[in-house]
Amino acid sequence: MVFELGQYMPGNSAIHRLDPRTKLLSLFFYGVAILLAPNATAALISGSVIFPLIIVAGLRLAFIWRQLRPLLIFMTIVFAFQAVLTPGEALAAVGPAIITREGLNLGLMALARVFYLVLAAALLTATTDPLSLADGLEKLLRPGTRLGLPSQELALMLTLALRFVPTMLEEAERIMRAQMARGASFKGLKVKNLMPLIIPLFISAFRRAEALAEAMEARAYQGGKGRTRMRELALRPADYIFFIFTIMLVGSSFAYRLLVK
Amino acid sequence: MEIILKDVSFAYQIAGQQLPVLHNIELKVAPGDLLAITGAGGSGKSTLGQLLAGLLEPTAGKVYLNGIPCQARGRSKGVSLWQRVGMVYQQPEQQLFAETVFDDVAFGPRNLGLSLPTIKDRVERALQAVGLNPAEIGQRSPFNLSGGQQRRVAIAGVLAMEPEVLILDEPTAGLDPAGRAQILSYIRSFFQQRDKAAVLISHNMAEVAGLANQVIVLYQGRIALKGTPREIFQQGESLRAYRLLPPELPRLMLELRRLGAPVSTDVLTLAEARSAILKWLRGEASGF
């Protein structure tokens, strides 16, 4: 049981070196571009710009596969429902279910959307270490501070959450083994069976949160206002170029949609 | 109950990579053994304990229970021999979850499918074995107890399974001296029952010295030394090579000897040290 979704893969590729803000915004606009695509072909083509980026980032096929694997069932179900339940010109019949041309189109489109979005999100988290991800997010949310959005606190919460995911998983595994030693069984999804795991896990999470809060206070943490940082984010020419390409992608996707409609 | 590890190796899988922890371990735990596993941090002590308890599956080699090769817990179906091996984890109080002390200690026996009167009987005996009064504490919430009491409840939860082999991972870590002494005395009284064996994992050599009848020293995932506490602790300064601090009394005796006092270095307890020193002071030559 090793948690691989959203794992950071240290490296020094061009993608790794991009500013986290560029990557976050590009992820957003890439998503918009894919969702704007009016049919399966357009979705498949516009999303494919992710492949060269994955290669440049130096991510291995096995890694990509591990990111997609948990969503395989979900993707199959989405595809099947779209393919079968959309009325239209019949193409083939699987038992009582009839696959239509329109359904196939919609199904493929849904499949492409999920597939590309997962890939893009995996690319972002694999090439951006959690700390700079939080930094980037904070900077992007900064304008909202005037409206009362606690951007620094939100970013800190995100960093802490990301930081403690592996710790909690490790802990869960340890508690599971300890309870197994007492004859517990975690087979089946009965809530009652999970109590011996969930309760100790929550207690230790709260205890850890309290200790962390005290440690931060002891080091005079007083919230976000006026905090400086060791590494200041700075946009470089590569960031502008990358971002221009992203905007071009959204633009063409939008234009195509207008033309086709 | 006899546990044998034959040529067992273990590696953790982290992000698709192998992190080897133990290499070619040969080990046997039989009734009457009180085995201490010591070693510096990261030497693989806890992992070895979990292999002995059937909580991890070795990446190579085999584990035999009473001569029968066994897979780790949860892999084989039905009643397994592992039920007869109990494991007390590091900081076992973190595994408490039930509303009352009674329910928590009863968790194991309930999983064994015992009848209610038997469960009650076992819970009471287990709590008494760790010096807690079932009538007084049984209906309280385990989370309102002191740290030391919580640990004793957690240990009772394992004792209530009536294991034949009890494995304890750093059972005294984080307790005050009185709490330590208590826990160690429960381990001793468990071990003194018939046909029981215990495995004590500890980095504290002095703690191990007075209790165990067999010691192994792990170093970088291999068994570096194996013997009785006397044999091991007489190594003195060479224990430092395994990143262990030799226990204080043998160190004192070695130091005295280096300074010219002909005392025996074969000393484990305070009483032994005292008589050895008195013997020298009264001018009786020790046998060397």
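**Domains of chain A**

I looked up the domain assignment of chain A, and it gives domain 1 as 1–150 + 237–261 and domain 2 as 151–223; such bounds come from an automatic or database domain assignment. I note at once that this is a predicted model, in which local features need pLDDT of at least 70 and side-chain atom pairs count only at pLDDT 80 or more, while totals for chains, interfaces and linings use all residues. Residues are numbered from 1 along each chain as its sequence is written, chains are lettered from A and ligands numbered from 1 in the order in which they are written, and side-chain values use heavy atoms, with hydrogens and water left out.

Taken over C-alpha atoms, the centres of the two domains of chain A are 30 Å apart. I then listed the contacts (heavy atoms within 4.5 Å) and found 13 residues of domain 1 of chain A against 11 residues of domain 2 of chain A. The area buried between these domains is about 1,100 Å², and carbon and sulfur atoms give 76% of that; buried area here is the accessible area, with a 1.4 Å probe, that two parts lose on being put together, summed over both. On the side of domain 1 of chain A that touches domain 2 of chain A, I count 10 nonpolar residues, one polar and two charged, where Ala, Val, Leu, Ile, Met, Phe, Trp, Tyr, Cys and Pro are nonpolar, Asp, Glu, Lys and Arg are charged, and the others, Gly among them, are polar.

I searched the same boundary for salt bridges (a side-chain nitrogen of Lys or Arg within 4 Å of a carboxyl oxygen of Asp or Glu), and the count between domain 1 and domain 2 of chain A is zero. For polar contacts I used pairs of N or O atoms within 3.5 Å, where within protein one must be able to donate a hydrogen and the other to accept it, and residues adjacent in sequence count only if both atoms are side-chain atoms; four residue pairs, both residues at pLDDT 80 or more, meet this between the two domains of chain A.

**Chain A against chain B**

The contact between the chains takes 20 residues from chain A and 23 residues from chain B, and the buried area is about 2,000 Å², with 57% from carbon and sulfur atoms. On the chain A side, A:Arg177, A:Ala181 and A:Arg182 lose the most area to chain B, together 38% of what that side buries.

Which residues form the one salt bridge between the chains? I found A:Arg182 paired with B:Asp104, the closest N and O atoms being 3.1 Å apart. Helix 9 (151–180) and helix 10 (191–218) of chain A each supply at least two residues of the side that touches chain B; helices (H or I, at least four residues) and strands (E, at least two) are DSSP runs, numbered from the N terminus.

I also looked at A:Arg177 within its own chain, where it forms a salt bridge with A:Glu173 at 3.3 Å between the closest N and O atoms. The two are four residues apart in helix 9 of chain A, so about one helical turn separates them. A:Arg177 counts as buried at 13% relative accessibility, whereas A:Glu173 is partly exposed at 27% (buried is under 20% relative accessible area, exposed over 50%, partly exposed in between, with a 1.4 Å probe and protein chains only).

**Domains of chain B**

For chain B the assignment gives domain 1 (3–238) and domain 2 (247–288), with 34 Å between their centres over C-alpha atoms. The contact takes nine residues from each of these domains, and the two bury about 770 Å² between them, 64% of it on carbon and sulfur atoms. In domain 1 of chain B, the residues losing the most area to domain 2 of chain B are B:Arg230, B:Phe233 and B:Gln234, together 61% of what that side buries.

The salt-bridge count between these domains is one, and I identified it as B:Arg230 with B:Glu272 (2.9 Å, N to O).

**A network in chain B**

Over all chains I found 17 salt bridges. One of them joins B:Arg125 and B:Glu162, with 3.1 Å between the closest N and O atoms. B:Arg125 lies in helix 3 (residues 116–129) and B:Glu162 in the loop between helix 5 (147–159) and strand 7 (165–169) of chain B, so the pair ties together parts that are 37 residues apart in sequence. Salt bridges that share partners join B:Asp121, B:Arg122, B:Arg125 and B:Glu162 into one network.
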